[in-house]
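Colleague: I am new to this structure and would be grateful for a guided reading. May I put some questions to you once it is on display?

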Amino acid sequence: MQSLLVFFFLNLLILFSSFGLGFLRRPVAILAAMLTALSIAFLNDSFAGTFSEKVTRTVRQFSPHLAAKMRPPLTPVIRGRPSAKRTIHICGRPRWFFVFIFSSVSFILWYVSCGLLTVLWALAIALLATILHASFRTPNLKARLNTFREEFRAVWRNYSEL
């Protein structure tokens, strides 16, 4: 599980670095890339909840009335149990609303900055780098490292007995 998480973060790093290198000359495209990343991040439950909580706390400092409006609607409780289908809300609105708004704005910014072709190239390069990275990985790396560690311990025990 941990190696899968490391693999995911390496691919994310490759994706962000390819976007960063592709858009050094276009700041509007960088803003579009940030909005695209934010709209993708809103699809994660924990990120959406944390983002909503932080924004609501910040707004509460300036306008408590507005912060009260930003709370999600109450979920019905049937026989002491919350509803199984829990909808994620960001600042009082359903999550799909924010994903749609941020995706639309980022697409418009991609179009305005004439970066749609560059986005396609960056995605192709990121996909190619991910496939190359996955093809060069050694299978069962964790098992190999565990075997090497056990062999090293056995040799170390033999040296310490001498």
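Modeller: Let us begin with a term: a residue is called buried under 20% relative accessible area, exposed over 50%, and partly exposed in between. Please keep in mind that this is a predicted model.

Colleague: Is Phe97 buried, exposed or partly exposed?

Modeller: The relative accessible area of Phe97 is 30%. Buried requires a value under 20% and exposed a value over 50%. Phe97 therefore counts as partly exposed.

Colleague: Phe97 and Phe98 form an aromatic pair; of which kind is the pair?

Modeller: The structure holds 8 aromatic pairs. In the pair of Phe97 and Phe98, the ring centres are 5.8 Å apart and the planes stand at 85°. Planes over 60 degrees apart meet the rule for one kind. The pair of Phe97 and Phe98 is edge-to-face.

Colleague: What kind of pair do the rings of Phe98 and Phe102 make?

Modeller: Phe98 and Phe102 both lie in helix 5, 4 residues apart, about one turn of the helix. Both residues are buried, Phe98 with a relative accessible area of 16%. Their ring centres are 6.3 Å apart and their planes are at 20°, so the pair is stacked.

Colleague: Which residues form one aromatic cluster?

Modeller: Phe97, Phe98 and Phe102, discussed above, are among the members of the cluster. The full list is Phe42, Phe47, Phe51, Trp96, Phe97, Phe98 and Phe102.

Colleague: Which residue forms a salt bridge with Arg95?

Modeller: The structure has 3 salt bridges. The one made by Arg95 links distant parts of the chain, with Arg95 in helix 5 and its partner in helix 3, 50 residues apart. That partner is partly exposed, at 39% relative accessible area. With the closest N and O atoms 2.7 Å apart, the residue is Asp45.

Colleague: How far apart are the closest N and O atoms of Arg57 and Glu53?

Modeller: Arg57 and Glu53 both lie in helix 3, 4 residues apart, about one turn of the helix. Arg57 is partly exposed at 48% relative accessibility, and Glu53 is partly exposed at 41%. They form a salt bridge whose closest N and O atoms are separated by 2.8 Å.

Colleague: Which residue forms a salt bridge with Glu150?

Modeller: Glu150 and its partner both lie in helix 7, 3 residues apart, about one turn of the helix. Glu150 is partly exposed, with a relative accessible area of 40%. The closest N and O atoms are 3.7 Å apart, and the partner is Arg153.

Colleague: Which residues of helix 6 are buried, and where do they lie around the axis?

Modeller: Helix 6 has 21 residues and reaches 30 Å from its first C-alpha to its last, close to the 30 Å expected. The buried residues are Thr118, Val119, Ala122 and Ala126. They cover an arc of only 100° around the axis, which puts them on the same side of helix 6. On the other side, the exposed residues are Leu117, Leu120, Trp121, Leu127 and Leu128, whereas the buried ones occupy that arc of only 100°.

Colleague: Which helix gives the largest share of the nonpolar patch?

Modeller: The patch covers about 590 Å² and is made by Val28, Phe107, Ile108, Tyr111, Val112 and Leu116. Val112 is exposed, with a relative accessible area of 56%, and is found in helix 5. The largest share, 4 residues, comes from helix 5.

Conventions:
Residues are numbered from 1 along each chain as its sequence is written. This is a predicted model: local features need pLDDT of at least 70, side-chain atom pairs count only at pLDDT 80 or more; totals for chains, interfaces and linings use all residues. Side-chain values use heavy atoms; hydrogens and water are left out. Patches are made of residues with over 30% relative accessible area and no salt bridge: like charges are joined within 9 Å, nonpolar side chains (Val, Leu, Ile, Met, Phe, Trp, Tyr) within 5 Å. Accessible areas come from the Shrake-Rupley method with a 1.4 Å probe; for residues, only the protein chains shown count as cover. A salt bridge is a side-chain nitrogen of Lys or Arg within 4 Å of a carboxyl oxygen of Asp or Glu. Helices (H or I, at least four residues) and strands (E, at least two) are DSSP runs, numbered from the N terminus. Buried means under 20% relative accessible area, exposed over 50%, partly exposed in between (1.4 Å probe, protein chains only). The expected span of a helix is 1.5 Å times one less than its number of residues. The arc is that of the directions from the helix axis to the C-beta atoms. Rings of Phe, Tyr and Trp (its six-membered ring) pair if their centres lie within 6.5 Å; planes under 30 degrees apart count as stacked, over 60 as edge-to-face and the rest as tilted.
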